[in-house]
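Good morning, and thank you for making time for this presentation. I should like to take you through one structure, beginning with a pocket and moving on to individual residues.

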Amino acid sequence: LVNVPICAVMIALGVRMLRETRDPNADGVPDPFGVLLVAAVPALLSLAIIEGPGRGWSNWLVVGSFALAAALVPVFTARTKRAARPVMDLALFTAPRFSMVNAATLVFSATFYGALLANVLFLQTEWHYSVLRAALAGAPGPLVVALIARPASRLAARIGPRPVLLAGGAVYAASLAGFAMIVGSDPHWVTHWMPEG
């Protein structure tokens, strides 16, 4: 219910503000089976991760979902190589810059969203925040990302992406390390005194 109005607003803004671009040489639709595989792998991983804590990590559904997701990755790769109109152009991964940027994005996303989830769980289990209060306390992180993205992209266009990415990664790693060393089970942050409603 939270996502529905947000998505509706994004669709309305997108229709008005985003300019559609089309490839004049494109014909037909991407490989439907490839599309199904692209959707199935993250769906299976999500199912396993969501059900793991409740059912147990050795439960047949959890283990089976992980195993099937892993098994479908080579199937997707083989299908992509053979399809007339593949969902993903695997030749992109032969470009070193593309591969490096994707690897950096994967590492950052895993740490960012992992830390975000860990923070919310920590606030609920250790500091006994409600779900809403934990979400509000964790909101500044994603908001800072949104605020920094535009100036960081301008800076990257001026001096190159490598120093910006390295500096950002170093600052983020240092902040996570500091956070892990400073925060304890006894609440002492400004957000702890935030009213519930």
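Let me begin with the largest pocket, which is lined by 45 residues. Those that lie nearest its centre are F108, F112, V145, G168 and Y172. Please bear in mind throughout that this is a predicted model.

Which elements give two or more residues to the lining of the largest pocket? They are the helices α4 (96-125), α5 (131-138), α6 (140-159) and α7 (161-182). Of these, α4 gives the most, with 15 residues. The volume of the largest pocket comes to about 1900 Å³. As for the character of its lining, the residues divide into 33 nonpolar, 10 polar and 2 charged.

I turn now to the aromatic residues. The structure holds 8 aromatic pairs. One of them joins F108 and F112, whose ring centres are 5.5 Å apart. Why does this pair count as stacked? The planes of the two rings stand at 20 degrees, and the cut-off for stacking is under 30 degrees, so the pair is stacked.

The positions of the two residues in sequence are also worth noting. Both F108 and F112 belong to helix α4, where they are 4 residues apart, about one turn of the helix. Their accessibility may be set side by side. F108 has a relative accessibility of 37% and counts as partly exposed, whereas F112 is buried, with a relative accessible area of 10%. Ring pairs also extend beyond these two residues, linking F108, F112, Y113 and Y172 into a cluster. Two members of that cluster, F108 and F112, I have just described; Y172 was named earlier among the residues nearest the centre of the largest pocket.

Y172 also brings us to S175. The side chain of S175 reaches the backbone oxygen of Y172 at 2.7 Å. S175 lies in helix α7 and is partly exposed, with a relative accessible area of 39%.

Helix α7 also holds L166. Is L166 buried or exposed? At 58% relative accessibility, L166 counts as exposed, because the threshold for that class is over 50%. In sequence, L166 and A104 are 62 residues apart, while their C-alpha atoms are 9.8 Å apart in space.

Next, a point of backbone geometry. H128 is found in the loop between α4 and α5. Its phi is near 60 degrees, a positive value in a residue other than glycine. H128 is exposed, with a relative accessible area of 64%.

Let me now move to helix α3, which covers residues 60-82 and contains S65. S65 counts as buried, at 5% relative accessibility. Not counting residues up to four places away in sequence, S65 touches L44, L47 and A48.

The same approach can be taken to V62, whose place is also in helix α3. V62 has a relative accessibility of 0% and counts as buried, since that class takes values under 20%. With residues up to four places away in sequence again left out, V62 touches A48, E51, G52, R55, G56 and W57. A48 therefore appears in the contact lists of both S65 and V62, because each list includes it. For a longer separation in sequence, consider V62 and L147: they are 85 residues apart along the chain and 37 Å apart in space, C-alpha to C-alpha.

Finally, I come to a charged residue, D31. Where does D31 lie? Its place is the loop between α1 (3-17) and α2 (32-55). D31 is buried, with a relative accessible area of 8%. What does its side chain make a polar contact with? The partner is the side chain of R79, at 2.8 Å. Leaving aside neighbours within four places in sequence, D31 is in contact with R79, A83, R85, P86 and V87.

To close, I return to the two regions described at greatest length. In the largest pocket, α4 gives the most residues to the lining, and F108 and F112, both of helix α4, form a stacked pair. Elsewhere, D31 is a buried residue whose side chain makes a polar contact with that of R79. Thank you for your attention; I shall be glad to take questions.

Terms used: Residues numbered from 1 in each chain as written. Predicted model: local features only at pLDDT ≥ 70, side-chain atom pairs only at ≥ 80, totals over all residues. Heavy atoms only, no water. Buried < 20%, exposed > 50% of the residue type's maximum accessible area, 1.4 Å probe, protein only. Polar contact = N/O pair within 3.5 Å; in protein donor to acceptor, adjacent residues only side chain to side chain. Contact = heavy atoms within 4.5 Å. 1 Å grid on protein atoms, 1.4 Å probe; cavity = no way out; pocket = protein on both sides within 12 Å on 5 of 7 lines; lining within 4 Å. Points joined across faces, edges and corners; volume = space filled by probe spheres on them. Nonpolar A, V, L, I, M, F, W, Y, C, P; charged D, E, K, R; others polar. Phe/Tyr/Trp six-rings, centres within 6.5 Å; stacked < 30°, edge-to-face > 60°.
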